[in-house]
Amino acid sequence: MTAAQGNSNETLFSSYKMGRFDLSHRVVLAPMTRCRALNGVPNAALAEYYAQRTTPGGFLISEGTMVSPGSAGFPHVPGIYSDEQVEAWKQVVEAVHAKGGFIFCQLWHVGRASHAVYQPNGGSPISSTNKPISENRWRVLLPDGSHVKYPKPRALEASEIPRVVEDYCLSALNAIRAGFDGIEIHGAHGYLIDQFLKDGINDRTDQYGGSIANRCRFLKQVVEGVVSAIGASKVGVRVSPAIDHLDATDSDPLSLGLAVVGMLNKLQGVNGSKLAYLHVTQPRYHAYGQTESGRQGSDEEEAKLMKSLRMAYNGTFMSSGGFNKELGMQAVQQGDADLVSYGRLFIANPDLVSRFKIDGELNKYNRKTFYTQDPVVGYTDYPFLAPFSRL
């Protein structure tokens, strides 16, 4: 039976073999920025947060984790580029493994979605372009809690790009040293890699701009480098070809998405290796609670894009963006996704898998505490449904 046909006997609670990982269900903790790693170093609060959301055989993806000192765009996000950070992450990974879960570290560079306050020596953020993010819709969050417009970035010279690729490779190796089961390359949502992929941002005239193949070159080099460093089975990739977050628009998201899939499929043929998964955010996703008016395209166009990518990709396909239990069940049963990742619902419901299984009432999330630094409030204090939910 093909992925397109689906299998009505499979549900969110069916087991799944994701390469070398035997998962007990299809509900995945999506990567979400939470701003609790004070000064970029994970702590006991992170260990408790991830352990709360771990189930035996469950799969978790960490929050976006900095690959270099200048890669942050939010206050107090964790890094994975220093020995101190590697050692600190070990307590988080060990807490997840102690409950029988698997966890990947999402490697993140925000590119132009940053500010001088997050840059070494107060320099300009790097990007594929010199164009800043528009100020009429987007603001950057500073450590003092204020929101200001994004500054003008500095376009990377082609000669500088290998060094950035190396940052990803070293961070991947560090993640494995910290005990992570693998890594996810964040190539979505308007951050650095997406700034190269999308023609609404990338205005380069060198080998990294212009054609789709050129715009995919940076992602290709990152994937190749990381796979060489830690092995394909420990690598996932996240993209969002149709998401306009942070001005990340493209004139032909379907062609872009298919080009990325084609590139990844070719890489998977090397030595018979397979990537762990491809993680795609569907257009239903809304950042910062945007209304329906902020959506791009029709439901029919969106469904066509996701189905096309799903059918074209040769491997495990994970979807995210606006899913509830019912939509997640449909995606699995209809063959539209192997795995479904949940973000905001998992923030407010540490026992989300148990609640889904028994159709339990869901806690409501408090958006005001998404990006605060409190180690408890809005982080580890959401109640469990019942004691058995902690299993």
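Me: Which residue in β4 is the bridge partner of L29, and how do you know that β3 and β4 are paired?

Reply: The bridge partner of L29 in β4 is L60. Two strands pair if DSSP finds at least two bridges between them, and two bridges join β3 to β4 in the parallel sense, so the condition is met. The elements themselves are DSSP runs numbered from the N terminus (helices are H or I with at least four residues, strands E with at least two).

This is a predicted model, in which local features need pLDDT of at least 70 and side-chain atom pairs count only at pLDDT 80 or more, while totals for chains, interfaces and linings use all residues. Residues are numbered from 1 along each chain as its sequence is written, and side-chain values rest on heavy atoms, with hydrogens and water left out.

Me: What makes β4 largely enclosed, and how many bridges pair β4 with β5?

Reply: Eight of the eight residues of β4 are buried (under 20% relative accessible area with a 1.4 Å probe and protein chains only, where over 50% is exposed and anything in between is partly exposed), which means that the rest of the structure largely encloses this strand. On the β5 side, six bridges pair β4 with β5 in the parallel sense, and I61 has F104 as its bridge partner in β5.

Me: Which strands run in the closed barrel?

Reply: The closed barrel has eight strands in the order β3-β4-β5-β10-β11-β12-β13-β14, with parallel pairing. Neighbouring strands of this sheet are turned against each other by 25° on average, direction ignored, where axes are lines fitted to C-alpha atoms (for helices over the stretch in contact) and angles run from 0 to 180 degrees between N-to-C directions. Helix α1 (residues 44-52) packs on the sheet and touches β3, β4 and β5, by contacts of heavy atoms within 4.5 Å, and its direction makes about 150° with that of β4. Further round, strand β5 (residues 102-108) and strand β10 (residues 182-187) pair in the parallel sense over four bridges, with E184 in β10 as the bridge partner of Q106.

Me: How do you know which faces of β12 are covered?

Reply: Five of the five residues of β12 (residues 277-281) are buried, and they are divided between both faces, with Y277, H279 and T281 on one side and L278 and V280 on the other. Strand β12 also has a parallel partner in β11 (residues 235-239), joined to it by four bridges, and V237 stands opposite L278. Four bridges likewise pair β12 with β13 (residues 317-320), again in the parallel sense, and here H279 stands opposite M318.

Me: Why is the passage of α3 by α6 called right-handed rather than left-handed?

Reply: A crossing is right-handed if the near helix is turned clockwise from the far one by less than a right angle, and left-handed if anticlockwise. Helix α3 (residues 161-177) and helix α6 (residues 217-230) pack at about 35° with their axes 9 Å apart, and α3 passes α6 in the right-handed manner. Residues of α3 including V164, Y168 and L173 meet residues of α6, among them F218, V222 and V226. The residues of this contact divide into 13 nonpolar, two polar and no charged (Ala, Val, Leu, Ile, Met, Phe, Trp, Tyr, Cys and Pro are nonpolar, Asp, Glu, Lys and Arg charged, the others, Gly among them, polar).

Me: What makes the pair of D351 and R355 a polar contact?

Reply: Their side chains approach to 2.6 Å, which is within the 3.5 Å set for a pair of N or O atoms (within protein, one must be able to donate a hydrogen and the other to accept it, and residues adjacent in sequence count only if both atoms are side-chain atoms). D351 lies in the loop between α10 and α11 and R355 in α11 (residues 352-357). R355 is buried because its relative accessible area is 2%, and D351 is buried likewise at 3%. Beyond its neighbours within four places in sequence, R355 is in contact with residues including N349, E361 and P383, and the C-alpha atoms of D351 and P383, 32 residues apart along the chain, are separated by 8.7 Å.

Me: What phi does C35 have, and is this residue buried or exposed?

Reply: Phi of C35 is near 65°, a positive value in a residue other than glycine, whereas most residues other than glycine have a negative phi. C35 sits in the loop between β3 and α1 and is buried because its relative accessibility is 0%. H189, in the loop between β10 and α4, has a positive phi near 60° and counts as buried at 7%.
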